[in-house]
Amino acid sequence: IQVMEMWKRDIKPRDIMTDANFRNALACDMALGCSTNSILHLPAIANEAGVCIDLQEVNEISAKTPHLCKLAPAGNHHLEDLYFAGGIQAVMKTLADADLIDTGLMTVTGKTIAENLTCVVNKNPEVIRPLTNPYSPTGGLAVLFGNLAPDGGVVKQGAVAPEMLKHEGPARVFNSEEEATAAIKAGKIVAGDVVVIRYEGPKGGPGMREMLFPTSAIAGMGLDKDVALITDGRFSGATRGACIGHVSPEAAAGGTIGLIEEGDIIAIDIVNRSLAVKVDDAVLAQRKAAWVPLEPKIKTGYLSRYARLVTSASTGAVFEK
């Protein structure tokens, strides 16, 4: 059993979960165009390993890592296709050939990444594109910053239609997933709108639910190339369109997303990593002074304690130290 071999060689989890290996993980994530949830899970795991992942660093890695795979719903290939093309190791081999990952690092096999990749080949360049023909020269995920998301908001840019990479539109504001879903199904959301769903973050949810119903409804009604959605909640890996999640600070923590009013113009610029509400700073300051947080949805038990102790999505929604 490999775990016993690692014990004999005194290879511990923190010998593997190093800063460099987390950078490798992010690079692979960018090449695969994975779920935005990665930018929750990886910082949370890194935190347990004593490693800090800064969201600006995510953009730096994305800027130099090509997007090589488009799996459903962003593309026509599926996980099974990736597996038969050589799997994650074939993606890593492609990145390693361009020195985009560090291959000298130890792994759970007891060998280095380079040793593990010695015999790996890409068996289907249509599924795992070569470096000479990527879907885009930058990674599948991006983190946006601005007055609406001072600590960041995450988007799966590889699943956004080109015409929605830059978008401005009026905010349609909802304080829960259910309110937003009802409005979308009732036909109250039209082309150009920016749906804002707040109080769904780690504290506000509490627990940061997936906004699967509203994003699916927007796509199902054929509006995913005309309507954007921003939230302090998160998304399913199956989300597509201009859906920006993890907006931080969240509404329940007094973030700007909690100050947006119906009709405010939201400016999204994924290309330049920007997310802003076009309202003067003085007006936002007035709104902040008058802001009153919503009553907690749950006031007793474990979830109440969780809401008090959990930190921002920008740090992986881990507990306060």
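User: Before anything else, how should I read the layout of this chain, and what distance separates the centres of domain 1 and domain 2?

Analyst: The centres of domain 1 and domain 2, taken over C-alpha atoms, are separated by 28 Å, and please keep in mind throughout that this is a predicted model. The domain assignment places domain 1 at residues 2-117 and domain 2 at residues 142-315. Where the two meet, 17 residues from domain 1 and 24 residues from domain 2 take part in the contact.

User: How do I read the area of such a contact, and which three residues of domain 1 supply more of it than any other three?

Analyst: The general idea is to ask how much accessible area two parts lose on being put together, summed over both. In this case about 1,600 Å² is buried between domain 1 and domain 2, with carbon and sulfur atoms giving 60% of that area. On the domain 1 side, Thr36, Leu55 and Pro73 supply 34% of the area buried against domain 2, more than any other three residues.

User: What is the count of salt bridges between the domains, and how many residue pairs are in polar contact there?

Analyst: Between domain 1 and domain 2 there are zero salt bridges, whereas four residue pairs, both members at pLDDT 80 or more, are in polar contact. Two elements, α4 (38-48) and α5 (55-64), each give two or more residues to the side of domain 1 that touches domain 2, and α5 contributes the largest share, five residues. By residue type, that side of domain 1 divides into eight nonpolar, eight polar and one charged.

User: Turning to α4, which of its residues are buried, and what covers them?

Analyst: A residue is read as buried when its relative accessible area is under 20%. In α4 that applies to Ser38, Ile39, Leu40, Leu42, Pro43, Ala44 and Ala46. Their cover includes α3 (19-32), α5, β2 (149-155) and β6 (243-248). Just after α4, Gly50 takes a positive phi of about 80 degrees.

User: How would I read the surroundings of a single residue such as Thr311, and where is its place?

Analyst: One can locate the residue first, and then go through its partners. Thr311 lies in the segment after α12 (301-309). Its side chain makes a polar contact with the side chain of Thr315 at 2.9 Å, and a polar atom of the Thr311 side chain lies 2.6 Å from the backbone oxygen of Val318. Once neighbours within four places in sequence are left aside, Thr311 is in contact with Pro202, Ala317, Val318, Phe319 and Glu320.

Definitions and conventions:
Residues are numbered from 1 along each chain as its sequence is written. This is a predicted model: local features need pLDDT of at least 70, side-chain atom pairs count only at pLDDT 80 or more; totals for chains, interfaces and linings use all residues. Side-chain values use heavy atoms; hydrogens and water are left out. Domain bounds come from an automatic or database domain assignment. Contact means heavy atoms within 4.5 Å. Buried area is the accessible area (1.4 Å probe) that two parts lose on being put together, summed over both. A salt bridge is a side-chain nitrogen of Lys or Arg within 4 Å of a carboxyl oxygen of Asp or Glu. A polar contact is a pair of N or O atoms within 3.5 Å; within protein, one must be able to donate a hydrogen and the other to accept it, and residues adjacent in sequence count only if both atoms are side-chain atoms. Helices (H or I, at least four residues) and strands (E, at least two) are DSSP runs, numbered from the N terminus. Ala, Val, Leu, Ile, Met, Phe, Trp, Tyr, Cys and Pro count as nonpolar, Asp, Glu, Lys and Arg as charged, and the others, Gly among them, as polar. Buried means under 20% relative accessible area, exposed over 50%, partly exposed in between (1.4 Å probe, protein chains only).
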